[in-house]
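Hi,

Here is the structure I said I would pass on. Have a look at it first, and my notes follow below.

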Amino acid sequence: MSRVIIIGCGGVSKVAIHKCCQLDDVFTDLCIASRTVSKCDDVKKELEGKTKTNITTKQIDANDFDALVKLFNEFKPEIVMNLGMPYQNLIIMDACLEYGCHYLDTACYEPEDVNEPVWRARYEKRVKEKNFTAYFDYSYQWEYRKKFEEKGLIALLGCGFDPGVTQAYVAYAKKHEFDRIDTLDILDCNGGDHGYPFATNFNPEINLREVSSDGAYYENGKWIKVPAMSIKREYNFDGVGMKDMYLLHHEEIESIALNYPEIKRIRFYMTFGESYLRHMNCLENVGLLSTKAIDYKGTKIVPIQFLKELLPDPSTLGPRTHGKTNIGCIFTGVKNGKEKKYYIYNMCDHQESYHEVGSQAVSYTTGVPAMCGALMILKGYWNTPGAKTVEEFNPDPFIEALDKYGLPKTESYDPIMVD
Ligand code: NDP
């Protein structure tokens, strides 16, 4: 018997809602709260007669602390899953602390307005010290560790696939396969084709911010910054085939480097097609990726938010996306005095995801781990309080749940390495 609030009702939330409703003996009461309540009502309708979960819906602006606390006091959740935007992570964490419930999200905090002076000054300092320019870093959410610890609550940070499952793979590899891990390459491949010349497969604002930032990787205790898309490799992905992939900075590198300091090098690669990159470069060159508001005939417009309105909504890509995703981690290290390699990954089919829950595989591979993370907390498998990332918990019950609820692992002991 658990009461859960899900904030946001986009691509990722819809999958998580469907998956929670499949486990209706655990997720008995679910409140879907989002900016546009009609979207929540639509999902509730879709699920009518298919689940015993009691679903309620609510309009909420997650920027409104008082409204959040009021909703939490009325609904009395054990956990709030923030599957909307990372801009609201901190305010929702504050509201969870105020009310007294667990918290979960799937993306590291970043601010909506990256030109806000106080935030900007701290950002510039971090760029100098840490040498990566992404708008997100975990320092803001790690500042909540003590507050959650003191209240005996968990804030589970970044519980999607990457971040999320990739960190569980690290903890799993360390527990079962290695005495010492030396290197880690995280490979994220989307081999899906939706037929549009350009569309992002999750929230366009967050996606384009991430991809257009400089790349960075971690080596021998230091961050190495490289220009965006300047390191390219080809890789032959199981279930997908040969793809071009590019080195990006990604949030889990930061937490893995902290929690597994023995790892000498951590890199993250994501696949992109030529058409995607050509469109992105062009949009960047004409200023449409800018987060700075401009004045258009008396109306303030943020270019990237305007662009989001023009692009296909990622949550509508399901019916037209074919192919598979393949996301995982390749490790080198030592076990019983012998050097070894190990690759653990998941393949997920876009059409199978669509037929099961009405969404494409990128939303599926994020929404399923979010549900499984909540399950870990609600069932008490993960019970150490604090604001923590996934690799800080026992990976076994989580990986078992992923295997069972739609994202089974595949393992290889002789993978092709990335040079
Ligand atoms: P969508 O844009 O599809 O959905 C976002 C939802 O949040 C929408 O329903 C939107 O409402 C709602 N929302 C936005 N602002 C507010 C607000 N102020 N108050 C209340 N609700 C709000 O995004 P996705 O589902 O694609 O992505 C969701 C999250 O998952 C993002 O943070 C993304 O970065 C993360 N993600 C993580 C991945 C991982 O592997 N870890 C992979 C992919 C995504 P409205 O309908 O009105 O627009």
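Let me start with a side chain: that of Asn326 reaches the backbone oxygen of Asp238 at 3.0 Å. Before you read anything into that distance, keep in mind that this is a predicted model. Asn326 sits in strand 15, which runs over residues 324-335. Is Asn326 buried or exposed? Its relative accessibility is 0%, so Asn326 counts as buried. Leaving out residues up to four places away in sequence, Asn326 touches Leu187, Asp188 and Cys189, then Phe237, Asp238 and Val240, and also Tyr343, Tyr345, Asn346 and Met347. Asp238 therefore turns up both as a neighbour of Asn326 and as the residue whose backbone oxygen the Asn326 side chain reaches, given that a polar contact needs N or O atoms within 3.5 Å.

The whole chain

Zooming out, the secondary structure of the chain adds up to 15 helices and 18 strands. The radius of gyration is 20 Å, close to the 22 Å that the globule rule gives for 419 residues, so the chain is as compact as a globular protein of that length. If you need dimensions for a box, the C-alpha trace spans about 55 × 55 × 45 Å along its principal axes. Of the 419 residues, 58% count as buried. The chain exposes about 17300 Å², and carbon and sulfur atoms supply 49% of that area. As for contacts between residues at least 6 apart in sequence, 74% of them join residues at least 24 apart.

The ligand

This is probably the part you will open next. The ligand has 28 residues around it, and the ones that come nearest are Arg35, Thr36, Lys39, Ala62 and Asn203. By type, the shell divides into twelve nonpolar, twelve polar and four charged residues.

Which backbone atoms lie by oxygen atoms of the ligand? Gly11 has a polar backbone atom 3.1 Å from a ligand oxygen. For Phe161, a backbone N or O atom lies 3.1 Å from an oxygen atom of the ligand, and for Asp162 the corresponding distance is 3.0 Å. On its own the ligand has 930 Å² of accessible area, and the protein covers 93% of it.

Asp162 has something else to show: its peptide bond to Pro163 is cis, with omega near 10°. Pro163 is in the loop between strand 6 (154-157) and helix 8 (165-176).

Backbone angles worth a look

Two residues other than glycine have positive phi values. For Asn220, phi is near 45°. Asn220 is in the loop between strand 8 (215-219) and strand 9 (222-226), and with a relative accessible area of 57% Asn220 is exposed.

For Met229, phi is near 60°. Met229 lies in the loop between strand 9 and strand 10 (232-237). In contrast to Asn220, which is exposed, Met229 counts as buried at 17% relative accessibility.

Helix 10 and the stretch around strand 13

Why is helix 10 described as largely enclosed by the rest of the structure? The helix covers residues 251-259, and seven of its nine residues are buried, so the rest of the structure largely encloses it. Glu251, Glu252 and Glu254 are among those buried residues, along with Ile253, Ser255, Ile256 and Ala257.

Further along, Thr291 is in the loop between helix 11 (274-285) and strand 13 (294-296). Thr291 counts as buried at 13% relative accessibility. Not counting its neighbours within four places in sequence, Thr291 is in contact with Val114, Asn115, Arg209, Val302 and Ile304.

Ile294 belongs to strand 13 itself. With a relative accessible area of 44%, Ile294 is partly exposed. Beyond residues up to four places away in sequence, Ile294 touches Thr299, Lys300 and Ile301. If you want a pair for checking your distance script, Ile294 and Leu47 are 247 residues apart in sequence and 41 Å apart in space, C-alpha to C-alpha.

That's everything from my side.

Cheers

Note on methods:
Residues are numbered from 1 along each chain as its sequence is written. This is a predicted model: local features need pLDDT of at least 70, side-chain atom pairs count only at pLDDT 80 or more; totals for chains, interfaces and linings use all residues. Side-chain values use heavy atoms; hydrogens and water are left out. A residue is near a molecule or strand if one of its heavy atoms lies within 4 Å of it. A polar contact is a pair of N or O atoms within 3.5 Å; within protein, one must be able to donate a hydrogen and the other to accept it, and residues adjacent in sequence count only if both atoms are side-chain atoms. Accessible areas come from the Shrake-Rupley method with a 1.4 Å probe; for residues, only the protein chains shown count as cover. Ala, Val, Leu, Ile, Met, Phe, Trp, Tyr, Cys and Pro count as nonpolar, Asp, Glu, Lys and Arg as charged, and the others, Gly among them, as polar. Buried means under 20% relative accessible area, exposed over 50%, partly exposed in between (1.4 Å probe, protein chains only). Helices (H or I, at least four residues) and strands (E, at least two) are DSSP runs, numbered from the N terminus. The radius of gyration is taken over C-alpha atoms; the globule rule is 2.2 Å times the number of residues to the power 0.38. Contact means heavy atoms within 4.5 Å.
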